[in-house]
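Trainee: Could you take me through one part of this model closely, namely the way its two helices meet, with attention to both the nonpolar contacts and the charged pairs?

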Amino acid sequence: MAKFTYKMQNILDIKYKLETQAKTSFSIAAATLDKEEEKLAELNLRKWNYENEARKLVADKLDFQAIKVNRAAIENMKGAIRSQTLAVHVAQRNLESARKHLQEVMTERKTHEKLKEKAFDEFKKEIEKNESKAVDELVSFTHNHAKNE
């Protein structure tokens, strides 16, 4: 019996590899976004702690030097938070880009898989056609041979 070979199997194999690479890129982008969001949460927590400390400094005996240092720390945290928020947005855009690329690669791979399935179906139909033809020939030969005897 004939063996099915898909003419474009090497292209399908490449599509599988590209999909694997896209999945890896997507997971790296997701991990980067998580890391950046964790940094942002940490900075917000530190700012909140400085603000609590500022409230305590104002409520107690006024220590202008400590208040000034605390306000500078809060301003530094605000700047760091703005910078980190930007880093989070960049990571989100990178993740979305990786997601779109992954979807495109998966669509291409699925298209090639469907082409392979169609080619296999055509192969099976051709085999069935050949088998049917062979059976018809055998029946015809047997019938003709029986008539002649």
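Mentor: What follows goes from the nonpolar core to the charged pairs and then to the surface patch. Please keep in mind throughout that this is a predicted model.

The largest nonpolar core has ten residues, namely A29, L33, L40, L43, M77, I81, V88, A91, L95 and A98. The elements that give two or more residues to this core are α1, which spans 9-59, and α2, which spans 64-148, and α2 gives the most, with six residues. In general terms, nonpolar side chains tend to be buried together in soluble globular proteins. Within this core L40 is a useful residue to look at, since, once residues up to four places away in sequence are set aside, L40 touches I81, Q84, T85 and V88. A30, which is placed in helix α1, counts as partly exposed because its relative accessibility is 21%, where buried would require under 20%. The C-alpha atoms of A30 and E96 are separated by 9.3 Å, although the two residues are 66 apart along the chain.

Turning to charge, the count of salt bridges comes to eight. In one of them, the side chains of R109 and E19 meet with an N to O distance of 2.4 Å; R109 lies in helix α2 and E19 in helix α1, so this pair ties together parts that are 90 residues apart in sequence. Both R109 and E19 are buried, and they belong to a network of salt bridges that also links K23 and E113.

Other pairs stay within one helix. R99 and E96 form a salt bridge at 2.7 Å, N to O, and both lie in helix α2, three residues apart, about one turn of the helix; R99 is partly exposed at 31% relative accessible area, and E96 is partly exposed at 33%. D121 and K124, likewise three residues apart in helix α2, form a salt bridge whose closest N and O atoms are 3.9 Å apart, which falls within the 4 Å limit applied to such pairs.

Finally, H112, which is placed in helix α2, counts as buried because its relative accessibility is 14%, and, leaving aside its neighbours within four places in sequence, H112 is in contact with Y6, M8, I11, L12 and K15. Two of these contacts, M8 and I11, form a nonpolar surface patch together with L115, with about 210 Å² of accessible area together. I11 itself lies in helix α1 and is partly exposed, with a relative accessible area of 33%.

Key:
Residues numbered from 1 in each chain as written. Predicted model: local features only at pLDDT ≥ 70, side-chain atom pairs only at ≥ 80, totals over all residues. Heavy atoms only, no water. Core = buried A, V, L, I, M, F, W, Y, C linked by side-chain atoms within 4.5 Å. Buried < 20%, exposed > 50% of the residue type's maximum accessible area, 1.4 Å probe, protein only. Helix = DSSP H or I, 4+ residues; strand = E, 2+ residues; numbered from the N terminus. Contact = heavy atoms within 4.5 Å. Patch = residues over 30% accessible without salt bridge, like charges linked within 9 Å, V, L, I, M, F, W, Y side chains within 5 Å. Areas by Shrake-Rupley, 256 points an atom, 1.4 Å probe, with all protein chains shown as cover.
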